Amino acid sequence: MALSSGVGPAAGTSLREDAGAEPSGRLPQRLPQHLGRLARGAASRSSRVGLFVYALTLGGLLGLASADYATSGGYPFGGTAIGSWTAWPRAGSLDSDPYARAVNARRGDIPLAVGEGMLLTAASDDEGRTLDAACSYRLAGVTPPARAWTLTVTGRGALAPGQDPVRTGFTSTEILRETDGRFAIQLSPEVQPGNWLPMPRPRGPVRLALRLYDTPVAASVGSLDRDTLPAIERTGCGS
């Protein structure tokens, strides 16, 4: 009876607990599997973070590049094409688009307000060919009614060291005219008689800017037509 009482429920419970415990020999076998799962999880999280950083960086670079391209030249939006010229009636208005304001800020320009005048630009001749500094052009005709106007070649940049200053444009008060009030301007890399505007560089695209001051057409671009603006004819190109 004493021997029987030594193997009681407590002893049986201890044996069952020992039977359910993890054998010590299996721990070294499962430890590498657990560490492998941890390593794969860390690698997956690191890959997702790296992909997010890459996408964020790529998006930022593309955004900066597109903004630089959109504001490096003329106004990208809001123009009204009239033959080879483009009118920008709202470039200086308070409700102008963000790109127009960015272009003005980048170039340091003070645009004409709606009540002050209007800007027109041209980057091609009447046949649709891009204005090239290596070619010669003849601008002839009239301008819309205005108290005063200026015609300039834009995008000249800083003068090279030692370079003599050259004329960059004409005003309505100094231009030589025909007896009927019409005028002709020669835009060429070579010296020309009469109203001559030199090219800003040996080659490359150029742009013309016609600014009308105190003009009634500023309130209605629809009143402009091709005959009220100077024609742009290419007269020759260098080799």
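**Two open sheets, a buried aspartate and one disulfide**

D125 is buried, with a relative accessible area of 2%. In the predicted model, this residue is found in the loop between strand 3 and strand 4, the latter spanning residues 135-141. The side chain of D125 makes polar contacts with backbone nitrogens of that part of the chain: the backbone nitrogen of E127 is reached at 3.0 Å, and the backbone nitrogen of R129 lies 2.8 Å from a polar atom of the D125 side chain. When residues up to four places away in sequence are not counted, D125 touches S84, L131, Y137, I232 and R234. The classification as buried follows from the cut-off, because buried means under 20% relative accessible area and the value for D125 is 2%.

The protein chain as a whole contains 4 helices and 10 strands. Read from the N terminus on, the order of elements is α-α-α-β-β-α-β-β-β-β-β-β-β-β. The chain has 239 residues, of which 28% count as buried. Its accessible surface comes to about 15200 Å², and carbon and sulfur atoms account for 58% of that area. Of the contacts between residues at least 6 apart in sequence, 73% join residues at least 24 apart.

One open sheet is formed by 6 strands in the order 1-2-3-9-5-6, with antiparallel pairing. Strand 1 and strand 6 stand at the edges of this sheet and have a single partner strand each, so one side of each is left without a neighbour in the sheet. The twist from one strand to the next averages 20°. Strands of a sheet pair through backbone hydrogen bonds, either parallel or antiparallel.

Within the 6-stranded sheet, strand 1 (residues 80-82) and strand 2 (residues 85-88) are paired in the antiparallel sense over 3 bridges. A81 stands opposite T86 in strand 2. The hairpin of strand 1 and strand 2 has 2 residues between the strands, and G83 takes a positive phi near 65° there. Strand 2 is also joined to strand 3 (residues 117-122), by 4 bridges, and these two strands run antiparallel. Across this pairing, W85 stands opposite A122 in strand 3, and A87 stands opposite L120 in strand 3. In a regular strand the side chains alternate between the two faces of the sheet.

A further open sheet consists of 4 strands in the order 8-7-4-10, and its pairing is mixed. The edges are taken by strand 8 (195-198) and strand 10 (231-237), each with a single partner strand, so one side of each is left without a neighbour in the sheet. Neighbouring strands of this sheet are turned by 20° against each other on average, direction ignored. Strand 4 and strand 10 pair in the antiparallel sense over 6 bridges. In this pairing, C135 stands opposite C237 in strand 10.

The structure holds 1 disulfide. The disulfide joins C135 to C237, with an S to S distance of 1.7 Å. C135 lies in strand 4 and C237 in strand 10, so the pair ties together parts that are 102 residues apart in sequence. The torsion about the S-S bond of C135 and C237 is about 80°, so the disulfide is right-handed. The two cysteines fall into separate accessibility classes: C135 counts as buried at 3% relative accessibility, whereas C237 is partly exposed, with a relative accessible area of 42%. A disulfide is a covalent bond between the sulfur atoms of two cysteines.

E178 provides a contrast to D125 in accessibility: E178 is exposed, with a relative accessible area of 54%, while D125 is buried at 2%. The place of E178 is in the loop between strand 6 (169-171) and strand 7 (183-188). Strand 6 is an edge strand of the 6-stranded sheet, and strand 7 belongs to the sheet with the order 8-7-4-10. The C-alpha atom of E178 is separated by 10.0 Å from that of G141, and the two residues are 37 residues apart along the chain.

Note on methods. Residues are numbered from 1 along each chain as its sequence is written. This is a predicted model: local features need pLDDT of at least 70, side-chain atom pairs count only at pLDDT 80 or more; totals for chains, interfaces and linings use all residues. Side-chain values use heavy atoms; hydrogens and water are left out. Two strands pair if DSSP finds at least two bridges between them. Buried means under 20% relative accessible area, exposed over 50%, partly exposed in between (1.4 Å probe, protein chains only). A polar contact is a pair of N or O atoms within 3.5 Å; within protein, one must be able to donate a hydrogen and the other to accept it, and residues adjacent in sequence count only if both atoms are side-chain atoms. Contact means heavy atoms within 4.5 Å. Accessible areas come from the Shrake-Rupley method with a 1.4 Å probe; for residues, only the protein chains shown count as cover. Axes are lines fitted to C-alpha atoms, for helices over the stretch in contact, and angles run from 0 to 180 degrees between N-to-C directions. A disulfide is a pair of cysteine sulfur atoms within 2.5 Å.
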